[in-house]
Amino acid sequence: MKEVIKPWGSYTNLLDEEYTKVKKIVINPGESPSYQYHFKRNEVWIIVKGEAEVKIDDIVMQHKVGDIIKIPVEAAHQVSNIGKDELVFVEVQLGEYFGEDDIVRLEDKYGRV
């Protein structure tokens, strides 16, 4: 299991199978990945540490440890760390394809759109 460093934090693949991919995602305080969607997978997030603000199709909600967030296929989504410590969540991807090239970025503060 290799940690992949990103400008917003990091992720580690915990399980990578034909039928699912499971990641541990760490978001640094004040950071967020891009506002994005996927054509071939949905995601389930379980917050295990920290505080999150989650935007799904322009609806914003706050979440804490123990919350479960479901992201449907093609739903635009973004998570932000609104706490003072790391935000850690487990992401379970379900669908027909789990490659990083199934990311369509709508907004990105790191210039990756």
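## Exercises on a predicted model

A nonpolar patch of about 470 Å² lies on the surface of this predicted model, built from Met1, Leu14, Leu15 and Tyr19.

**Exercise 1.** Take Tyr19 from that patch and work out where it sits and whether it is buried or exposed.

*Solution.* Start with the position: Tyr19 is in the loop between strand E2 (9–16) and strand E3 (20–27). Next, check the relative accessible area, which comes to 56% for Tyr19. Exposed means over 50%, so Tyr19 counts as exposed.

**Exercise 2.** Look at the backbone of Asp58 and Glu74: what sign does phi have in Asp58, and what sign in Glu74?

*Solution.* First, the background: most residues other than glycine have a negative phi. Now Asp58: its phi is near 70°, a positive value. Glu74 isn't a glycine either, and its phi is positive at about 70°.

Then place them. Asp58 is in the loop between strand E6 (52–56) and strand E7 (59–63), while Glu74 is in the loop between strand E8 (68–71) and strand E9 (77–81).

Finally, the accessibility. Asp58 has 58% relative accessible area, so it's exposed. Glu74 has 49%, so it's partly exposed.

**Exercise 3.** Which residues of the largest nonpolar core touch the most other members?

*Solution.* The core has 14 residues, and the ones to pick out are Ile27, Trp45, Val79, Leu87 and Phe89. Two or more core residues come from each of E3, strand E5 (41–49), E6, E8 and strand E10 (87–95).

Now zoom in on Leu87. Skip its neighbours within four places in sequence, and its contacts include Ile25, Ile27, Ile47, Ala52 and Val79. Lys49 and Glu51 are also among them.

Methods. Residues numbered from 1 in each chain as written. Predicted model: local features only at pLDDT ≥ 70, side-chain atom pairs only at ≥ 80, totals over all residues. Heavy atoms only, no water. Patch = residues over 30% accessible without salt bridge, like charges linked within 9 Å, V, L, I, M, F, W, Y side chains within 5 Å. Areas by Shrake-Rupley, 256 points an atom, 1.4 Å probe, with all protein chains shown as cover. Salt bridge = Lys/Arg side-chain N within 4 Å of Asp/Glu carboxyl O. Helix = DSSP H or I, 4+ residues; strand = E, 2+ residues; numbered from the N terminus. Buried < 20%, exposed > 50% of the residue type's maximum accessible area, 1.4 Å probe, protein only. Core = buried A, V, L, I, M, F, W, Y, C linked by side-chain atoms within 4.5 Å. Contact = heavy atoms within 4.5 Å.
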